[in-house]
Amino acid sequence: MDYLGIDFSCAIGSLRHGKFPEKDCLLPLISKLLGYCIVAASTTVKLPQILKILKHRSVRGLSVVAFELEVVGYTIALAYCLHKGLPFSAYGELAFLLIQAIILVAIIYYFSQDVGTITWIRALLFCAVAPTVLAGQIDPVLFEALYASQHAIFFLARVPQIWENFKNKSTGELSFLTFFMNFGGAMVRVFTSIQEKAPISVILGSVLSVLTNGTILSQIIIYQRPHAQKEKKED
């Protein structure tokens, strides 16, 4: 019994005979199901951050460069997966995350007080290059190099935000729910990557995502608590 690329026959066969499915049967099934859960959850992962900015009409404490680098990273990762013809369960979340990340950057631009010329040049350059990359119309060697650099890009996308939080001792308008879902999704991807025997580079990328998102999540917990107490005192 195969549905959406998931083979249920092994587990159903064991249960019919009154037995609990074996480890070799159960773990691949769990891995596939978790993969689709990540794809489903990714459709709303950045929505809390978008809504928080719109509600407060502020991008206080948010690093523009960090969110721009996220868009670049998602574009490269999605283009590579499309080019390699991977199953949707292995990369589907990238498509939804890219769309939300682009919307988020546009909102940040809109509410930013000083969007300089260089920022607009970066945006126009991305709009010019992204379609070519997504279509896979670039040199294969360059494609592999871009994909190899995506983990560094995602890591560097978090560093400016982590530093901004540390410097200001505040996380501004960062959404706890968004980063909690990012952290949880990265944890699940570590498991699914190991289970599906993904390359070490892929597993390493997921581990880095756990560490960086976990760092920002802890900063939100640490820095927003005193800020909330201060607001109560002022009231």
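A residue is classed as buried when its relative accessible area is under 20%. In this predicted model, F143 has a relative accessibility of 2% and therefore counts as buried. Y80 has a relative accessible area of 12% and is likewise buried.

Aromatic contacts were examined next. A pair of aromatic rings is described by the distance of the centres and the angle of the planes. The search of the whole structure returned 7 aromatic pairs. In one of these pairs, the ring centres of Y80 and F143 are 6.0 Å apart and the planes meet at 80°, so the arrangement is edge-to-face; the angle cut-off for this class is over 60 degrees. The contact joins distant parts of the chain, since Y80 belongs to helix α4 (residues 64–84) and F143 to helix α7 (residues 140–168), with the two positions 63 residues apart in numbering.

Y80 also pairs with Y147, and this pair is stacked, with a centre-to-centre distance of 3.7 Å and an angle of 10° between the planes. Here too distant parts of the chain are linked: Y80 lies in helix α4, Y147 lies in helix α7, and the two are 67 residues apart. Both Y80 and Y147 are buried. Y80, F143 and Y147 together form one aromatic cluster.

A contact between a charge and a ring was also found at F166. K169 is placed over the face of F166, at 4.0 Å from the ring centre.

Note on methods
Residues are numbered from 1 along each chain as its sequence is written. This is a predicted model: local features need pLDDT of at least 70, side-chain atom pairs count only at pLDDT 80 or more; totals for chains, interfaces and linings use all residues. Side-chain values use heavy atoms; hydrogens and water are left out. Rings of Phe, Tyr and Trp (its six-membered ring) pair if their centres lie within 6.5 Å; planes under 30 degrees apart count as stacked, over 60 as edge-to-face and the rest as tilted. Helices (H or I, at least four residues) and strands (E, at least two) are DSSP runs, numbered from the N terminus. Buried means under 20% relative accessible area, exposed over 50%, partly exposed in between (1.4 Å probe, protein chains only). A charge sits over a ring if NZ of Lys or CZ of Arg is within 6 Å of the ring centre and within 35 degrees of the ring normal.
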